[in-house]
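Visitor: Could you take me on a close look at one helix in this model, and at what surrounds it? I would like one connected account rather than a list.

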Amino acid sequence: MTYKIHLNNDTLSLNLSGNVDLSETGQIKQDIQQKSSENFTKLIIEGEKISYIDSSAVALLLFLKRFCEERGTTFQIEKLAEIAHKIINLAGLGNLLTSKQVASQTKNTVS
């Protein structure tokens, strides 16, 4: 998995791509918690390039939502890959972890 955390003015962005699983979700939590001393008022998740998501990634999103609620920070999922959206819905968390846009993942076919 690749992730990038970027602070721009009052917005902290977390960009996720590839496989989002247990191998790095703990580190992402730590990195975000370390940024809590920064004066950001919004956390935006971008996940349109996610190719795989496991339960630890869903737990990470729930953790980040709660983290923001406790700080009084806006939590927003901007874009989310279709596969991630499906897993969140299968877990029954679609109402809690809503995304502004679901990026469809279509395979290129040769005609």
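Guide: Let's start where the helix stops: just after α2, G72 takes a positive phi of about 75°. Please keep in mind as we go that this is a predicted model. The mean pLDDT of the protein chain is 89, with 91% of its residues at 70 or more.

Now step back into the helix itself. Helix α2 covers residues 55–71. Its 17 residues should span 24 Å at 1.5 Å a residue, and the end C-alpha atoms are indeed 24 Å apart, so the expected and modelled spans agree.

Which residues of α2 are buried? They are S56, A57, V58, L60, L61, F63, L64, K65, F67 and C68. An α-helix has 3.6 residues a turn, so residues three or four places apart point the same way. The partners of that buried set are β2, α1 (22–34), β3, β4 and α3, against which these residues pack.

This leads us to the core. The largest nonpolar core has 27 residues, and L43, I45, I50, L64, F75 and L97 are those with the most contacts inside it. At least two residues of this core come from each of β2, α1, β3, α2, β4 and α3. The biggest share is that of α2, which gives 8 residues. L64 therefore appears twice in our tour: among the buried residues of α2, and among the core residues with the most contacts.

K65, next on the list, makes a nice case for a biochemist. This lysine is one of the buried residues of α2, yet its side chain meets that of E69 in a salt bridge, 3.6 Å from N to O. Both residues belong to α2 and lie 4 residues apart, about one turn of the helix. E69 counts as exposed because its relative accessibility is 54%. Side chains of opposite charge can pair when their charged atoms come close.

At the far end of the helix we meet R71, which is also part of α2. With a relative accessibility of 30%, R71 counts as partly exposed. Leaving aside residues up to four places away in sequence, R71 touches S36, E38 and F40. N19 is a long way off by comparison with those touching residues: its C-alpha atom is 28 Å from that of R71, and the two residues are 52 apart along the chain.

Let's follow the salt bridges outward from here, since the structure holds 3 of them. One joins the side chains of K79 and E48, at 3.9 Å from N to O. K79 sits in strand β4 (residues 74–81) and E48 in strand β3 (residues 42–53), so this pair ties together parts that are 31 residues apart in sequence. K79 counts as partly exposed at 26% relative accessibility, and E48 falls in that class at 33%. Another links K86 with E82, whose closest N and O atoms are 3.8 Å apart. These two residues are 4 apart in helix α3 (residues 82–90), so about one helical turn separates them. K86 is partly exposed at 46% relative accessibility, as is E82 at 28%.

Strands β3 and β4 are among the elements that α2 packs against, so E46 is worth a stop too, as it lies in β3. Beyond its neighbours up to four places away in sequence, E46 touches L14, N15, L16, E78 and K79. The C-alpha atoms of E46 and S17 are 8.6 Å apart, although 29 residues separate them along the chain.

L14, N15 and L16, touched by E46, bring us to β2, another packing partner of α2. Strand β2 (residues 11–20) pairs with β1 (residues 2–8) in the antiparallel sense over 7 bridges. N8 has T11 in β2 as its bridge partner. The two strands form a hairpin with 2 residues between them. One of the loop residues is N9, and its phi is near 55°, a positive value in a residue other than glycine. Most residues other than glycine have a negative phi. N9 is exposed, with a relative accessible area of 70%.

A last word on confidence. Among the elements of the chain, β2 has the highest mean pLDDT, 96, while strand β5 (residues 99–103) has the lowest, 74. Over residues 106–111 pLDDT stays under 50, and the model has 0 contacts there beyond four places in sequence.

Terms used
Residues are numbered from 1 along each chain as its sequence is written. This is a predicted model: local features need pLDDT of at least 70, side-chain atom pairs count only at pLDDT 80 or more; totals for chains, interfaces and linings use all residues. Side-chain values use heavy atoms; hydrogens and water are left out. A salt bridge is a side-chain nitrogen of Lys or Arg within 4 Å of a carboxyl oxygen of Asp or Glu. Buried means under 20% relative accessible area, exposed over 50%, partly exposed in between (1.4 Å probe, protein chains only). Two strands pair if DSSP finds at least two bridges between them. pLDDT is the predictor's confidence in each residue, from 0 to 100. Contact means heavy atoms within 4.5 Å. The expected span of a helix is 1.5 Å times one less than its number of residues. A nonpolar core is a set of buried Ala, Val, Leu, Ile, Met, Phe, Trp, Tyr and Cys residues joined through side-chain atoms within 4.5 Å.
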